[in-house]
Amino acid sequence: MMNRRRLLQAAASAPALAAIPQALRAAPLGEAMRRVRPGDPDWPAPALWAQLARAVGGRLTKLSGPMDACRAAPTTSACSEFFTALKNPYFLGDTVELTQTLGWVDAWTSMPSAYAVSAQTTADVVAAVNFAREQRLRLVVKGGGHSYQGTSNAADSLLIWTRAMNAITLHDAFVPVGCEQRAAPTRAVSVGAGALWAHVYDAVTTKAGGYVQGGGCMTVGVAGLVHSGGFGSFSKAYGLACASLLEAQVVTADGSVRIANACTNPELFWGLKGGGGGSLGVVTRLTLRVHPLPENFGAVNMTIKASSDAAYRRLIALIVAFYERSLMNPHWGEQIRFRPGNTLKISMVFQGLTRSEAQAVWQPFLDALGNAPQEFELEFSPLKFVSTSAREFWSPTLLKRALGFIRRDDRPGASPGNVFWPGDQGQAGQVLHGYQSAWLPAALLRDEQRDALVSALFAASRHWGVSLHVNKGLAGAPPEAIAAARDTAINPAALEAFALVICGAEGPPAYPGVAGREPDGTTARTHARAIGRAMDELRKLVPNPGSYVSESNYFEPDWQRSFWGSNYPRLFAVKQQVDPNGLFFVHHGVGSERWSDDGFSLRA
Ligand SMILES: Cc1cc2nc3c(=O)[nH]c(=O)nc-3n(C[C@H](O)[C@H](O)[C@H](O)COP(=O)(O)OP(=O)(O)OC[C@H]3O[C@@H](n4cnc5c(N)ncnc54)[C@H](O)[C@@H]3O)c2cc1C
């Protein structure tokens with residue numbers, strides 16, 4: 001693991017941050033070494049909270065536990081209804097005390113902050129940041145609330161909740177501030193930090209016929225995803241979401257409002273692109289490039305069952321070779337899943353191909369299966385290749401709803417634009433049992449290594465299901481998408497990977513202390529061990545893989561290297577420049593090695 005001295009040396013040699021004030025750079029840690037909690041003598045007095053409330057137009061709320069009522073009366077119908085509502089991602093997103101994942105056994109449990117500022121303006125954010133710094137509070141930032149690592153909640157903290165900052169504005173000819181002489185005007189969209197991707201897709205694609213690179217899951221927050229790097233179903237064509245970032249407005253730890261783009265505060269801008277959420281400041285607005293929209297998007301889903309272990313191994317060899325030959329290109333994205341029980345599940349999407357072109361691509365693979373009917377049983381879904389005009393992809397048409405392809409927020413009066421993919425609903429309100437990921441280099445697909453990869457995938461599937469998210473590795477993407485990703489903080493391993501392999505397990509909504517609805521620790525630990533064994537099979541091939549910061553193990557060892565690789569020293573330098581006192585802390589975020597696990601005190 002990188003030690004602090006090496007980091008500081010590397011940070012000192014990183015590119016200069018000319019626009020960051022000298023006073024902030026040199027600020028000593030001093031009083032910031034221990035943050036205060038409710039009950040501490042230094043906890044702000046009511047009059048000070050009232051002052052903050054006035055500064056934010058009354059949008060300050062004292063929070064209580066969202067599960068308190070259920071804890072007190074777990075068998076009531078009100079409690080049952082509450083737990084049913086936890087399966088609605090929009091209910092979770094609209095509730096200040098909740099997060100999409102309710103916890104991770106042995107890692108974290110979703111806890112409400114002491115107070116929340118429901119920010120509506122940048123000035124609200126500035127007031128909250130200044131208050132947290134001056135009063136030495138633990139500060140958290142929440143947008144869409146989808147952090148698997150629990151980084152947008154913390155007990156005894158002040159929360160800045162950006163959900164209401166969700167304006168979306170399209171531009172025909174955007175030029176970042178200060179770039180007037182260097183950048184050609186481009187089509188773009190400016191998005192408030194609390195916007196969700198579903199609403200951005202509606203504005204940019206359905207209504208305006210453009211394409212913006214966001215996430216696969218429609219209820220993820222825009223700011224959180226961009227900070228992560230951000231992969232969507234079609235990232236093999238359009239690259240990382242953060243690589244399309246043209247400009248951000250950020251409130252930094254000193255309370256100043258900064259513009260960050262390639263020409264103004266370029267190092268901060270670079271750090272925001274993949275450097276991880278909640279560590280460098282509070283982004284209040286992001287402007288993203290709008291790309292031309294292809295004609296069609298489509299999908300193909302199939303499940304194939306092999307008749308024996310030997311047949312399954314042959315099936316894995318077939319799909320891996322077929323992927324390398326025919327799918328590792330900008331047209332294809334999403335997942336190939338290797339399940340125990342000798343079952344292969346394929347859920348792929350395509351762009352820039354007609355339905356019949358997509359079908360033709362798969363014909364050799366389907367022929368190979370057809371030639372061995374005694375080995376492979378193919379279960380087609382009723383519509384095996386579906387295609388739609390790209391403009392309709394994210395729109396909740398009646399047909400798509402009737403066929404169950406898309407779901408809507410079912411709360412009375414909910415906006416019709418509150419939609420989500422049914423496949424993501426399983427994760428609403430989940431409690432994680434385990435989760436690990438690794439970028440698999442495309443070199444593993446070469447003739448001389450492919451057999452070892454097939455064996456490792458087979459061996460992994462003996463322990464737990466593993467899924468290749470092929471859109472989350474950029475090998476096969478256009479050179480310009482890879483070049484743009486190289487100019488971000490993400491681990492460069494992502495650029496050479498053909499897929500991010502993910503292995504996870506979760507249980508239904510559960511919460512400690514709610515009788516009958518407690519997380520099942522025994523099962524969770526059994527699952528976590530199986531996940532570890534499955535991933536160990538792949539780590540035999542790639543001993544120190546990179547891992548995607550947002551979709552990774554809470555207990556990731558050597559996380560600085562895993563998440564950011566050779567970019568970590570430069571990212572640490574950015575952190576030192578904009579937040580030397582560590583006001584912004586998240587679990588396994590840049591600079592967090594200096595703090596206790598809960599972010600309340602500096603390590604000795
Ligand atoms: C169901 C589900 C599906 C997912 N699908 C994808 C996917 O398809 N592709 C992908 O790349 N990732 C995916 N992810 C991971 C997701 O992109 C990250 O967890 C992302 O950080 C979530 O952002 P958020 O705003 O929703 O979450 P939050 O929990 O609100 O925020 C995540 C982090 O970003 C910080 N943050 C949020 N807003 C701001 C802000 N304005 N300024 C500074 N920091 C901020 C928070 O402090 C926190 O540390 C998925 C996650 C889930 C739960």
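Buried means under 20% relative accessible area, exposed over 50%, and partly exposed is what falls in between. Keep that in mind for the close-ups below, which all come from a predicted model.

**View 1. R59 and D124 pair up in a salt bridge.** The closest N and O atoms of R59 and D124 are 2.9 Å apart. This pair reaches across the chain: R59 sits in the loop between α3 (46-55) and β1 (60-62), while D124 belongs to helix α7 (residues 122-135), and 65 residues separate them. R59 has a relative accessible area of 23%, so it is partly exposed. D124 has just 2% relative accessibility, so it counts as buried. The model's full count of salt bridges is 25.

**View 2. Here D94, R163, D409 and R411 are joined into one network by salt bridges that share partners.** Take D94 and R163, whose closest N and O atoms are 3.5 Å apart. They are another pair from distant parts of the chain: D94 is in the loop between α6 (89-93) and β2 (103-104), R163 is in the loop between β6 (158-161) and β7 (168-174), and they are 69 residues apart. D94 is partly exposed because its relative accessible area is 34%, whereas R163, at 9%, is buried. Then there is the salt bridge between R411 and D409, with 2.7 Å between the closest N and O atoms. R411 has 26% relative accessibility and so counts as partly exposed; D409, at 7%, counts as buried.

**View 3. C70 and C79 form a disulfide.** Their sulfur atoms are 2.2 Å apart. The torsion about the S-S bond is about 120 degrees, so this disulfide is right-handed. Both C70 and C79 are buried. In total, the model has two disulfides.

**View 4. A disulfide links C179 and C263.** Here the two sulfur atoms are 2.0 Å apart, and the torsion about the S-S bond is about 110 degrees, so this disulfide is right-handed. C179 lies in the loop between β7 and β8 (186-192) and C263 in the loop between β11 (257-261) and α11 (266-272), so the bond ties together parts that are 84 residues apart in sequence. C179 has a relative accessible area of 2%, so it is buried. With the bonded cysteines numbered in sequence order, the pairing reads 1-2, 3-4.

**View 5. C242 and C503 are too far from other cysteines to bond.** For C242, the closest cysteine sulfur is in C179, and it is 17 Å away, so there is no bond. For C503, the closest cysteine sulfur belongs to C217, at 20 Å, which is again too far for a bond. C242 is buried, with a relative accessible area of 0%, and C503 is buried with 0% as well.

**View 6. The ligand has 33 residues around it.** V141, G143, S152, F231 and Y548 come nearest. A polar side-chain atom of T151 is 2.8 Å from a ligand oxygen. One ligand nitrogen atom lies 3.0 Å from a polar backbone atom of G278, and a backbone N or O atom of V283 is 2.8 Å from a nitrogen atom of the ligand. On its own the ligand has 940 Å² of accessible area, and the protein covers 96% of that. β5 (139-142), α9 (222-228) and β12 (282-289) are the elements that give two or more residues to the shell, and α9 gives the most, with five. Sorted by class, the shell has twelve nonpolar, 19 polar and two charged residues.

Note on methods
Residues numbered from 1 in each chain as written. Predicted model: local features only at pLDDT ≥ 70, side-chain atom pairs only at ≥ 80, totals over all residues. Heavy atoms only, no water. Near = heavy atom within 4 Å. Polar contact = N/O pair within 3.5 Å; in protein donor to acceptor, adjacent residues only side chain to side chain. Areas by Shrake-Rupley, 256 points an atom, 1.4 Å probe, with all protein chains shown as cover. Helix = DSSP H or I, 4+ residues; strand = E, 2+ residues; numbered from the N terminus. Nonpolar A, V, L, I, M, F, W, Y, C, P; charged D, E, K, R; others polar. Salt bridge = Lys/Arg side-chain N within 4 Å of Asp/Glu carboxyl O. Buried < 20%, exposed > 50% of the residue type's maximum accessible area, 1.4 Å probe, protein only. Disulfide = S-S within 2.5 Å.
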